[in-house]
Amino acid sequence: MSIDPKKRLKKDRPMDSVTIRIPADVVNELREMAPKLGFGGYQPLIRFYVGQGLRADLRKLITEANSEKAVATKLRERGVSEDIIKAALAH
């Protein structure tokens, strides 16, 4: 999983079309909220919300991976075998 922040800043990134079912009342609220938040429509607001959630989850996963690497390194330094480290880190 790689994150290239420069690619995320490009305005002309390729787009895929997706279809999702969202309750009508939620779509109506998104339509009302979008201009209040400075968005040109509800679809850019949805993209913003999805991107925001994705970035939060990616940060969490990266933090967890870095934490696991640090723990594994400390265990190796203390002479713990790779088999035990792998078993301890298995999810």
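**View 1. Helix α2 has the span expected from its residue count.** At 1.5 Å a residue, the 13 residues of α2 (residues 24–36) should cover 18 Å, and the end C-alpha atoms sit 19 Å apart, which agrees. The expected span here is 1.5 Å times one less than the number of residues. Everything in these views comes from a predicted model, where local features need pLDDT of at least 70, side-chain atom pairs count only at pLDDT 80 or more, and totals for chains, interfaces and linings use all residues. Residues are numbered from 1 along each chain as its sequence is written, and side-chain values use heavy atoms, with hydrogens and water left out.

**View 2. The two sides of α2.** V27, L30 and A34 of α2 are buried (under 20% relative accessible area, with exposed meaning over 50% and partly exposed in between; 1.4 Å probe, protein chains only). Looking down the axis of α2, these buried residues fall within an arc of 55°, so they line one face of the helix; the arc is taken from the directions from the helix axis to the C-beta atoms. As for the spacing, an α-helix has 3.6 residues a turn, so residues three or four places apart point the same way. Over on the other side of α2, E29, E32 and K36 are exposed. What do the buried residues of α2 pack against? That would be α3 (42–77).

**View 3. Just past the end of α2.** G38 comes just after α2 and takes a positive phi of about 90°.

**View 4. Ring pairs link F39, F48 and Y49 into a cluster.** Searching the whole structure turns up 2 aromatic pairs (ring centres within 6.5 Å for Phe, Tyr and Trp, the last by its six-membered ring; planes under 30 degrees apart are stacked, over 60 edge-to-face, the rest tilted). F39 and F48 have ring centres 5.4 Å apart and planes at 50°, so that pair is tilted. The rings of F48 and Y49 have centres 5.8 Å apart and planes at 50°, so this pair is tilted too. F39 is partly exposed at 22% relative accessible area, F48 is partly exposed at 33%, and Y49 is partly exposed at 38%.

**View 5. Pulling back to the whole chain.** The protein chain has 4 helices and 0 strands (DSSP runs numbered from the N terminus: H or I of at least four residues for helices, E of at least two for strands). Buried residues make up 10% of its 91 residues. Of the contacts (heavy atoms within 4.5 Å) with a separation of 6 or more, 26% join residues 24 or more positions apart.
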